Amino acid sequence: MKKIGYFFSGFLPILTTTAAQILASFFMFGIAALFLCPASQSTGFDADTIETLLTNTEFNACIMLIYTVTCIVFMGIWYYRSCGGNYLPKPSLTFHPLQFLSIILLIPGMQFFSGYLTSAVSLLFPNWLSQYEKLMETAGLDSDIGLFMFIYAVILGPVCEELVFRGVTMHLVRRALPFWAANLMQAVLFGIFHMNWIQGIYAFVLGLVLGWICEKGGSIYFSMFFHILFNFWGTIIGPLLNNLKETDLLGIIIFLFTIVSLVLGFSLFRLGTKWRDQKAARLMAAPDHDDHFEAAE
């Protein structure tokens, strides 16, 4: 019975996060009402005003900032208190420079792979691409983004989502299922969370990778680092590369680079983790080593 309870508890983080988004939206509509609706009016917003707000990038950015900050605090406490989270791990026992180097190497490979995946899905379902592009336009991520949206997309969003999915969700479900199943479940929920097919499909694949990195690396800081760099590339570097003239030679180079990046990146991460564990074992076995810290979950 406990395992069944742990399994269903894995749905609570995404439900809580969705509720936080809704509450943040109501809060922002309340703030907007104070400025847009005079006290003498009792009718509130009309349909045109609501539509204008929902398509305003600054308005949406404020909603995202409020909900992510709220979730980071709440999920951070939940992860620390109930899921074995360690926010101050011993660096020498938890991290190895090769792990971070391999993550940097993985980012372009995963970005290009996501591009290939998005193109393939778009060819099969063109209307999904139209919905995705409209969503990106509304969110203000289709062109030059503002400061608030940058903070959300590159910093707060990744930290929030890692705490929700790789932090709380995956650790709760792992009490009922083996890692591969828990990783699959959190990746599915991560995809559903994005609420559109294009993002949902590549978010599912990305979620699998993030879950693997978090589990094998032994710390949520690895998946946070990966997620931040991934979003930074997609937000800043990706649009710059889109300005390059497409040629057959460039396409071949990018395809080969993608393969090398992924194979080498995953291999080096495993190697860095192995070296980290060996170093940690030597430090723990040293007779003069008085600090006994465990690597973060």
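Is Leu 129 buried, partly exposed or exposed? Hold that thought for a moment, and hello, everyone.

A word on what you are looking at. This is a predicted model, where local features need pLDDT of at least 70, side-chain atom pairs count only at pLDDT 80 or more, and totals for chains, interfaces and linings use all residues. Residues are numbered from 1 along each chain as its sequence is written, and side-chain values use heavy atoms, with hydrogens and water left out.

Now back to the opening. Leu 129 is partly exposed, because its relative accessibility is 26%, and our scale calls a residue buried under 20% relative accessible area, exposed over 50%, and partly exposed in between, using a 1.4 Å probe and protein chains only. You will find Leu 129 in helix H7, residues 126–139. Setting aside neighbours within four places in sequence, Leu 129 is in contact with Ser 122 and Ile 198; contact here means heavy atoms within 4.5 Å. Its C-alpha atom is also 9.4 Å from that of Asn 196, although the two residues are 67 apart along the chain.

Let's step back to the whole chain. How many helices and strands does it have? The answer is twelve helices and zero strands, where helices (H or I, at least four residues) and strands (E, at least two) are DSSP runs numbered from the N terminus. Of the 297 residues, 42% count as buried. The chain exposes about 16400 Å², with carbon and sulfur atoms supplying 69% of that; these areas come from the Shrake-Rupley method with a 1.4 Å probe, and for residues only the protein chains shown count as cover. If you take contacts between residues at least 6 apart in sequence, 80% of them join residues at least 24 apart.

On to how the helices pack. Two packed helices are described by the angle between their axes and the distance between the axes. The axes are lines fitted to C-alpha atoms, for helices over the stretch in contact, and angles run from 0 to 180 degrees between N-to-C directions.

Start with H8 (residues 147–174) and H9 (residues 179–193), which pack at about 145° with their axes 9 Å apart. Their crossing is right-handed; a crossing is left-handed if the near helix is turned anticlockwise from the far one by less than a right angle, and right-handed if clockwise. The residues making this contact include Phe 165 and Met 170 of H8 and Phe 179 and Leu 189 of H9. By type, they divide into nine nonpolar, three polar and three charged. For that split, Ala, Val, Leu, Ile, Met, Phe, Trp, Tyr, Cys and Pro count as nonpolar, Asp, Glu, Lys and Arg as charged, and the others, Gly among them, as polar.

H9 also packs against H10 (residues 197–217), at an angle of about 140° and with axes 8 Å apart. This crossing is right-handed too. Among the residues involved are Ala 187 and Gly 191 of H9, and Gly 200, Gly 207 and Gly 211 of H10. The split here is eleven nonpolar, six polar and one charged.

What about the loop between H9 and H10? Met 195 lies there. Met 195 has a positive phi of about 65° although it is not a glycine, and at 73% relative accessibility it counts as exposed.

Then there is H4 (residues 57–82) with H8: their axes come within 9 Å and cross at roughly 35°. H4 passes H8 in a left-handed crossing. The contact residues of this pair are 22 nonpolar, six polar and no charged.

While we are on H8, have a look at Leu 172, which sits in that helix. Leu 172 is buried, since its relative accessible area is 6%. Beyond its neighbours within four places, its contacts are Tyr 6, Ser 9, Gly 10, Pro 13, Trp 78 and Cys 83. Leu 172 and Leu 12 are 160 residues apart in sequence, yet 9.7 Å apart in space, C-alpha to C-alpha.

One more side chain: Phe 225 in H11, residues 220–241. Phe 225 is partly exposed at 26%. Outside its neighbours within four places, Phe 225 touches Phe 100, Ile 103 and Ile 104 by the contact rule.

Finally, the cysteines. With a disulfide defined as a pair of cysteine sulfur atoms within 2.5 Å, the count comes to zero. Cys 62 is partly exposed at 24%, whereas Cys 214 is buried at 2%.

Thanks for listening!
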